[in-house]
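User: Hi! I am new to protein structures and would like to learn how to read one. Could you walk me through it?

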Amino acid sequence: KNLSMDDSPAPPGPPPPVVRPIPKKKDILTTCKECGIKFLATRKNGCPRCEINKIGFTSFADDIISNEGEEHYNFNSEDLNHVSILEDIDWDNMIGIKHVAGGFGSHGVFFVELKKENENEKNDVIVIKTGGNTSKLELLGHLVAKQMGLKTPKMRIINVNGEEGNKIITNMKKTKFETDSNKYRILNSLQRFKSLFIMEYYHAGTISSLNKDNFSNSAQILVEIGKFLLLDILLNNFDRIPLCHSNKGNAGNILIQFDNNNNNICSVVGIDQTLC
C-alpha cells in the first residue's frame, strides 16, 4: 500500500535522558567557638550544647562525667514517710529522684524524696507527674472517682512556669537521679508541658503481685475493683482493665495496699483515671 507523506512514520528522535541519582553530601562537622564540641554544620540552631544552656539547662553531660565514681541515689519507699498534705512543700529539701517511665503517650512519674529537718524522722516522698493535653480530663476523672467514694491519691495541679513550678524544675536539676544517664532527656521533656501534678504517694503493690493467701476478705476487694470498672465505663477509660475495649489494658493502674503484716489486702487504690 502506498503511503502518503502524512501517513509516513515519524523519524526516530533523540534517546531519553538518563536520570542519575544525586549523590548525597557527606555530613560536614564544625566546631563550636564557644564550647569546643563538634556538631553538624547544617544544624539550624547551631551548637546543641550552647542552645541547651541558653534555655536554662546546665551541661548534663559534664554533670554525669563529674559524678562518675560517686554513690548513686537509691529509692527505698519502705524507709520513707507517706505525705498526705500537698500544700506548702519545701522543694529545696529534695535529696533524690526516681523516674518511672510511662506507657504510650505518657512521660511517667517522678518519686521525689524530701529531707526532714528532724534526723530521727523518716524522709517524705511525693509524686510529680507531667500534665499534658489530657491534664484537665485526668483531674476531672479524679474528681468523679472521689464523688463515687473510691480511693485515689490526693492531687493538685500547678503551672510549670509559675513560681512553684520554676522552683521544682530548678531543684530537680540539682538533685541526684537514680539513673543519671536519663536526667537531661527527662528534664528536657518535663519543661515542654504547661502543668504538673503534685500527687500523694502510696506504698502498694499491683494485681500481678497477688496470690491466694492475700484474699481473706476477697468479697470486699472484688467489690472495690468492680467499682473502678464502673468508673472506667463512665469515663470511657481504656487504660486499666479492658472491660469494654479490645486492648491489653493496664492493670498497674490499680494499686493494692496490704495490712501491716503484708499478708491481707486492706484497700484498693486507683490511679490515672482519665476521661477519654
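Analyst: Happy to! Let us begin with an idea you will need for sheets: two strands count as a pair if DSSP finds at least two bridges between them. Here, strand S10 (residues 254–258) and S11 run antiparallel and are joined by five bridges. Within that pair, Gln 257 stands opposite Ser 267 in S11. Please keep in mind that this is a predicted model.

User: Which strands form the open sheet, and in what order?

Analyst: Three strands make up the open sheet, in the order S9-S10-S11, with antiparallel pairing. Strand S9 (205–206) and strand S11 (265–270) each have a single partner strand, so they stand at the edges and one side of each is left without a neighbour in the sheet.

User: Since the model is predicted, what is the mean pLDDT of the protein?

Analyst: The pLDDT is the predictor's confidence in each residue, from 0 to 100. The mean for this protein is 77, and 74% of its residues reach 70 or more. Among its elements, strand S5 (residues 109–114) has the highest mean pLDDT, at 92, while helix H2 (residues 60–66) has the lowest, at 40. Over residues 55–70 the value is below 50, and this stretch has 23 contacts in the model beyond near neighbours in sequence.

User: How many helices and strands are there?

Analyst: The protein has six helices and eleven strands. Of its 276 residues, 36% are buried. Another thing to look at is how far apart in sequence the touching residues are. Among contacts with a separation of 6 or more, 60% are between residues 24 or more positions apart.

User: Is S5 buried or exposed?

Analyst: A general idea helps here. In a regular strand the side chains alternate between the two faces of the sheet. Now the case at hand: Val 109, Phe 111 and Glu 113 are on one side of S5, with Phe 110, Val 112 and Leu 114 on the other, and all of them are buried. Six of the six residues are buried, so S5 is largely enclosed by the rest of the structure.

User: Which residues stand opposite Glu 113 in the strands that pair with S5?

Analyst: Let us take one partner strand at a time. S4 and S5 run antiparallel and are joined by six bridges; there, Gly 96 stands opposite Glu 113. S5 and S6 also pair in the antiparallel sense, over six bridges, and the bridge partner of Glu 113 in S6 is Val 125.

User: Which residues of the largest nonpolar core touch the most other members?

Analyst: That core has 22 residues, and the ones touching the most other members are Trp 91, Phe 110, Ile 126, Ile 128, Ile 168 and Met 172. The elements that give two or more residues to it are strand S4 (94–100), S5, strand S6 (123–131), helix H4 (163–174), helix H5 (183–190) and strand S8 (195–199). Phe 110 is a good residue to click on: leaving out residues up to four places away in sequence, its contacts include Ile 97, Ile 126, Ile 128, Met 172, Phe 177, Ile 186 and Leu 190. There is also a second, separate core of twelve residues, including Leu 150, Leu 235, Ile 254 and Ile 256.

User: How do I read a helix such as H3?

Analyst: Start with its length. Helix H3 (residues 135–147) has 13 residues, which at 1.5 Å a residue should span 18 Å; its end C-alpha atoms are 19 Å apart, which agrees. Next, look at its sides. Ser 135, Glu 138, Gly 141, His 142 and Ala 145 are buried in H3. They cover an arc of only 120 degrees around the axis, which puts them on the same side of H3. The buried residues pack against S6, strand S7 (155–159), S8 and helix H6 (218–235). On the other side of H3, Lys 136 and Gln 147 are exposed.

User: Which residue has a phi near 55 degrees?

Analyst: Most residues other than glycine have a negative phi. Asp 88 has a positive phi near 55 degrees, and its place is in the loop between strand S3 (80–82) and S4. With a relative accessibility of 79%, Asp 88 counts as exposed. Asn 236, in the loop between H6 and S10, also has a positive phi, of about 60 degrees. At 37% relative accessibility, Asn 236 counts as partly exposed.

Key:
Residues are numbered from 1 along each chain as its sequence is written. This is a predicted model: local features need pLDDT of at least 70, side-chain atom pairs count only at pLDDT 80 or more; totals for chains, interfaces and linings use all residues. Side-chain values use heavy atoms; hydrogens and water are left out. Helices (H or I, at least four residues) and strands (E, at least two) are DSSP runs, numbered from the N terminus. Contact means heavy atoms within 4.5 Å. A nonpolar core is a set of buried Ala, Val, Leu, Ile, Met, Phe, Trp, Tyr and Cys residues joined through side-chain atoms within 4.5 Å. Buried means under 20% relative accessible area, exposed over 50%, partly exposed in between (1.4 Å probe, protein chains only). The expected span of a helix is 1.5 Å times one less than its number of residues. The arc is that of the directions from the helix axis to the C-beta atoms.
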